[in-house]
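Trainee: Could you take me through this model and show me how each label is earned?
Mentor: Gladly. Look at it first, then ask.

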Amino acid sequence: MEGIEHRTVSVNGINMHIAEKGEGPVVLFLHGFPELWYTWRHQLTIFAALGYRAVAPDLRGFGDTDAPEEVSSYSCLHIVGDIVALIEWLRGDQVFLVAHDWGAMIGWYLCLFRPDLVKGFVSLTVPFRPRHPKVKPVEGMRAFFGEEYYMCRFQEPGKIESEMAKYGAEAVIKKILTDRKPGPSHLPKENPFGSDINQINLPSWLKEEDLEYYATKYEQKGFTGGLNYYRALDFNWELTAAWTGAKVTVPVKFIVGDVDMVYTTPGVKEYVHGGGFKNDVPLLEECIVMENTGHFINQEKPEEISTYIHDFIIKFKN
């Protein structure tokens, strides 16, 4: 982590922690759940060396950034508002955007709402999700995947937190980060995170000190802030009616692993490769599917991912 600077910035009514390294055009990295700025530790160093100012915030509700209590404070408009204010603080100019998991979902909203701020977007693991005009997200997921689908299980405030507390933050994060089971993820009511966590060996890309960093921050902060993103899904649907049918008009590159839980969810491959994705994102330049790669792609294969990212954004570097 040598040379990475940390600071707190006032954005959109909250205090946001950011980590950054380097000078030059801004590459803004947005993390997912259950992660932090730390998921981009490799990319911050790599892109600083390539001549960029690499910036990775803890998003609202995560790590050392403020976590408002109300679920309604975690709408896509709030989170995008945070990012717009951060971009303004950084330089007020266009940025290169790289995002993963929930960060990618926020990235798609940013590209929809404020395409003027994004030179190019590299989305990891999560493709664009067009708004269904008649079906709310949670209702649709319950119908397709059942009550034990993880996003459905996250809906009741306090419920999943109490179940996570029985395992402890380190065990929960270890289970999620190392899980490579394809397809929709389910959390049974009995032993939702399994009974064999202590027997899980860490992969080579995730060290004990990495797990300890995540666990320490989540023990301090709790999981509620990150879970509130899922709890705001239906609220986002209500707020974004005006963007039904809207297309993303920024240049995009999409990268995903072939055993990723999102990519292997029914209907996703068909959307990505069958023309729907390109129709909704006309400037989609490339979809890369990495072999034998899971969901936490930027940590699992940092060098390869960084090369894919740089090959794309260098096209737009002034």
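**Labels and their reasons**

Mentor: Start with the largest cavity, lined by Asp101, Trp102, Met105, Val126, Arg129, Tyr150, Met151, Tyr230, Val262 and His295. Keep in mind that this is a predicted model.

Trainee: Why is this called a cavity and not a pocket?
Mentor: A 1.4 Å probe fits at the points of a cavity but cannot get out, whereas a pocket is an open set of points. The largest cavity has a volume of about 70 Å³.

Trainee: How many cavities of 30 Å³ or more are counted?
Mentor: The count comes to one.

Trainee: Which helices each supply at least two residues of its lining?
Mentor: Helix 3 and helix 5 do, for the largest cavity.

Trainee: What is the make-up of the lining of the largest cavity by class?
Mentor: Seven residues are nonpolar, one is polar and two are charged. Tyr counts as nonpolar under this rule, and Asp and Arg count as charged. Asp101 and Arg129 are both in the lining.

Trainee: Now the pockets. What is the volume of the largest pocket?
Mentor: About 1200 Å³. Of its 37 lining residues, Arg129, Pro130, Arg131, His132 and Pro137 are the closest to its centre.

Trainee: Which elements give two or more residues to that lining?
Mentor: Helix 3 (102-113), helix 4 (137-145), helix 5 (150-153), helix 10 (233-239) and helix 11 (268-273). Helix 4 gives the most, with five residues.

Trainee: How does the lining of the largest pocket divide by class?
Mentor: Into 25 nonpolar, eight polar and four charged residues.

Trainee: What about the second largest pocket: what is its volume, and how many residues line it?
Mentor: Its volume is about 490 Å³. It is lined by 25 residues, with Asp179, Ser185, His186, Leu187 and Met261 nearest its centre. By class, the lining of the second largest pocket has 15 nonpolar, five polar and five charged residues.

Trainee: On to helix packing. What makes helix 2 roughly perpendicular to helix 3?
Mentor: The axes of helix 2 (residues 76-90) and helix 3 cross at roughly 75° and come within 10 Å. Angles of 65 to 115 degrees count as roughly perpendicular. The angle falls in that range, so helix 2 is roughly perpendicular to helix 3.

Trainee: Which residues make the contact?
Mentor: Helix 2 brings Cys76, Leu77, Ile79, Val80, Ile83, Val84 and Ile87. Helix 3 brings Ile106, Tyr109, Leu110 and Phe113. By class, that contact has eleven nonpolar, no polar and no charged residues.

Trainee: Why is helix 7 called oblique to helix 8?
Mentor: Helix 7 (residues 169-178) and helix 8 (residues 208-221) pack at about 125°, with axes 8 Å apart. Roughly perpendicular ends at 115 degrees, and roughly antiparallel needs over 145. The value fits neither class, so helix 7 is oblique to helix 8.

Trainee: Is their crossing left-handed or right-handed?
Mentor: The crossing of helix 7 and helix 8 is right-handed.

Trainee: How do you know that these two helices meet?
Mentor: Contact means heavy atoms within 4.5 Å. Ala169, Glu170, Ile173, Lys174 and Leu177 in helix 7 meet Leu211, Tyr214, Ala215, Tyr218 and Glu219 in helix 8. By class, this contact has seven nonpolar, no polar and three charged residues.

Trainee: What describes the packing of helix 6 and helix 9?
Mentor: Helix 6 (residues 159-167) and helix 9 (residues 224-231) pack at about 140°, with axes 11 Å apart. Their crossing is right-handed. Ile160, Glu161 and Met164 of helix 6 make the contact with Thr224, Leu227 and Arg231 of helix 9. That contact has three nonpolar, one polar and two charged residues.

Trainee: Last, the backbone. What makes the peptide bond from phenylalanine 33 to proline 34 cis?
Mentor: Its omega is near 0°. Proline 34 lies in the loop between strand 3 (26-30) and helix 1 (41-49).

Trainee: And what is the phi of asparagine 12?
Mentor: Asparagine 12 has a positive phi of about 50°, although it is not a glycine. Its place is in the loop between strand 1 (5-11) and strand 2 (14-21).

Methods:
Residues are numbered from 1 along each chain as its sequence is written. This is a predicted model: local features need pLDDT of at least 70, side-chain atom pairs count only at pLDDT 80 or more; totals for chains, interfaces and linings use all residues. Side-chain values use heavy atoms; hydrogens and water are left out. Axes are lines fitted to C-alpha atoms, for helices over the stretch in contact, and angles run from 0 to 180 degrees between N-to-C directions. Helices (H or I, at least four residues) and strands (E, at least two) are DSSP runs, numbered from the N terminus. Angles under 35 degrees count as roughly parallel, over 145 as roughly antiparallel, 65 to 115 as roughly perpendicular and the rest as oblique. A crossing is left-handed if the near helix is turned anticlockwise from the far one by less than a right angle, and right-handed if clockwise. On a 1 Å grid over the protein atoms alone, a cavity is a set of points where a 1.4 Å probe fits but cannot get out, and a pocket is an open set with protein on both sides within 12 Å along at least five of seven lines; lining residues have an atom within 4 Å of a point. Grid points are joined across faces, edges and corners, and a volume is the space filled by probe spheres set on the points.
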